[in-house]
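Student: Hi! Could you walk me through a structure? I'm new to this, so plain words please.

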Amino acid sequence: MRLAIIATLAAAAVAAGCATTPEEQAPARVEERAAKPAPVETKPIARVDLTSKPAAASPLKDPNNILSRRSIYYDYDKFDIKDEFRPLVEAHAKYLRENPGAKMLIQGNADERGSREYNIGLGQRRSDSVKRALAILGAKDNQIESVSLGEEKPVCTEHAEDCWAKNRRGDMLYSGEY
Amino acid sequence: MLTRLRAFLGAVLLLVTPLAAAQLSIEITGAGAPRMPIAIAPFPGEAALGSGITSIVRADLERSGLFRGLEVPPLSPAPTEASTVNYAEWRSRLADALVLGSVAARPDGRYEVRFRLYDVVKQASLGGIAYTLSKEQVRASAHRIADFVYEKLTGEKGVFSTRIAYVVKRGSRFELQIADADGAGEEAALVSFEPIISPAWSPDGRKLAYVSFENKKPVVYVHSLVDGKRNVIANFRGSNSAPAWSPDGRRLAVTLSREGGSQIFLLNADGSGLRRLTSSAAIDTEPRFSGDGQWIYFTSDRGGSPQIYRMPAAGGEPQRVTFEGSYNVTPRLSPDGKTLAYITLNEGKFQVALLDLSNRQVQIITDSDRDESPSFAPNGRMILLATVIDGRGVLSAVSSDGRVKQRLSVTAGDVREPAWGPFTE
């Protein structure tokens, strides 16, 4: 953008130089020298090429990439992965397959109702189910650790179902993200 | 004894930052009947100690729900443990029991507290003790006097000198706090920006096992309260949680997910010697040893809903213990092993239930609706629990007959995960 503006200004300067009329500069010698057209900007104009690829941004961070999505939500007392989250799990399995050095931590979560320790168990079931699905789709066991945060790290703290639904969740995190 | 206690408290003070305005306040919300009327006459000389030793003794005894402290007007001459007791006069004040004492300054800057307990009805002395103490030991000494009185009059050991552990969540901070049984003298053993849950006292009262999330996953630590040293006891792949001490303090049962699911394992107290105890596709968690070390009670949903089971501590076939209701979790055995406290879901409310293990009778002893983590006092008389009142986490204490109720809360914080410590000598 900035380059484009500079280019436009340079063009305008050239046009201004050309537009200087001989009548105006005729009588005085001094003025004649000063009225010489300004030297044309010779610096090469930087080109913006939108057809080239952007600098290797991680697909994990690209908001337009499904891989930037990390959360799977569950029904009450359930740990099976709902159909709507299948494409997400498949995308992450593919990424793990194609990046054998990538490591993932899956944190399972539960809503606040009931025993904290039993809720660790429920969250573990959820993270284990994601790990199992990723493994079936070709991710290696040593790439993935499944753990549980139980009810201890709620993203929503109201004591009502729409909030609890947000907390019944599995989060897929890559090394460096936790 | 007091010297040792003092050295211990000194060590703790060096390691933690006490938080101002953090103290638990206690409110008694119900009382048992009938309560024994007891007169505790002000000890001449006690003003020199600052906090009134007799008022702490009285508050302790009243909190038990078994005693009613009588107002004692200023007497002249003020009676002491050396006075001849006018039993008729104390009887006319309706006292069944009487405590008289005195405080004297010693040349070394310390104080001597002497007291004697009397049975006014039988017109007999029940004994007395003399303590030498510094001003910092007033509370500890008052709790010891209350323990003496309690034991002489009820035949059971008092718990006023024991301590409690609990977690306070203050904004984004989690504080593992240790306080006297009356909520006073709170000191943080651990402060973290990540959750801390499931504190469990070692049988000697010198260590706490707990689960900390400081590594972005649950890991079991054993924390020495004497020197603040922390040891990782279980940090296997997956989740590590629900620590429980064996009665001899040499082993810990924990819940691990290292082999998939949540299963109960046994470890030596230094983290060595891992052995798997349960083998199910269910969630098996919240292990607790019976007092004789023979059994481990635990929560399992192997039958479809979470229920309490027990198995031999050496491993073996589990037997189901709870049958009523669809959600029974967090088993806690009474110190005498006769009663099981646990959390039950009762008409949409999570409440504390007691199961009499001899006749299978179940009694729900709370009327709150979000109870968690029941914890017996070491004499079995009271149960400390976490609950939620007006959206805030508070601790509540209820007598094991359900009649006496107290609430313990802190300002600007959520209190949860209480654990009542053992008797210590």
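Tutor: Happy to; we can talk through the two chains and a few of their residues. This is a predicted model, where local features need pLDDT of at least 70, side-chain atom pairs count only at pLDDT 80 or more, and totals for chains, interfaces and linings use all residues. Residues are numbered from 1 along each chain as its sequence is written, chains are lettered from A and ligands numbered from 1 in the order in which they are written, and side-chain values use heavy atoms, leaving out hydrogens and water.

Student: Okay, what helices and strands does chain B have?

Tutor: Chain B has four helices and 30 strands. Helices (H or I, at least four residues) and strands (E, at least two) are DSSP runs, numbered from the N terminus.

Student: And is chain B as compact as a globular protein of that length, or less compact?

Tutor: Its radius of gyration is 23 Å, close to the 22 Å from the globule rule for 425 residues, so chain B is as compact as a globular protein of that length. That radius is taken over C-alpha atoms, and the rule is 2.2 Å times the number of residues to the power 0.38. The C-alpha atoms fill a box of roughly 75 × 45 × 40 Å along the principal axes.

Student: How much of chain B is buried?

Tutor: Of its 425 residues, 55% count as buried. Buried means under 20% relative accessible area, exposed over 50%, and partly exposed in between (1.4 Å probe, protein chains only).

Student: Which residues of helix α2 in chain B are buried?

Tutor: Helix α2 covers residues 53-63, and its buried residues include B:Ile53, B:Ile56, B:Val57 and B:Leu61. Just after α2(B), B:Gly65 takes a positive phi of about 80°.

Student: Which residues touch the most other members in the largest nonpolar core?

Tutor: That core has 26 residues, and B:Ile38, B:Phe43, B:Ile53 and B:Leu61 are among those touching the most other members. A nonpolar core is a set of buried Ala, Val, Leu, Ile, Met, Phe, Trp, Tyr and Cys residues joined through side-chain atoms within 4.5 Å. The largest share of this core, seven residues, comes from α4(B).

Student: What does B:Ile38 touch?

Tutor: Leaving out residues up to four places away in sequence, B:Ile38 touches B:Leu61, B:Phe67, B:Val99 and B:Leu153, among others. Contact means heavy atoms within 4.5 Å. There is also a second, separate core of 22 residues, which includes A:Tyr74 and A:Ile106.

Student: New topic: which peptide bond is cis?

Tutor: The one from B:Ser76 to B:Pro77 is cis, with omega near -5°. B:Pro77 sits in the loop between β3 (67-70) and α3 (87-92) of chain B. As background, most residues other than glycine have a negative phi, and most peptide bonds are trans.

Student: So which residue has a positive phi although it is not a glycine?

Tutor: B:Leu94 does, at about 70°. B:Leu94 is in the loop between α3 and β4 (97-105) of chain B, and at 60% relative accessibility B:Leu94 counts as exposed. B:Lys216 also has a positive phi, near 65°. B:Lys216 is partly exposed, with a relative accessible area of 31%.

Student: Last one: how many helices and strands are in chain A?

Tutor: Chain A has six helices and four strands, in the order α-α-α-β-α-β-α-β-α-β along the sequence. Buried residues make up 38% of its 178 residues.
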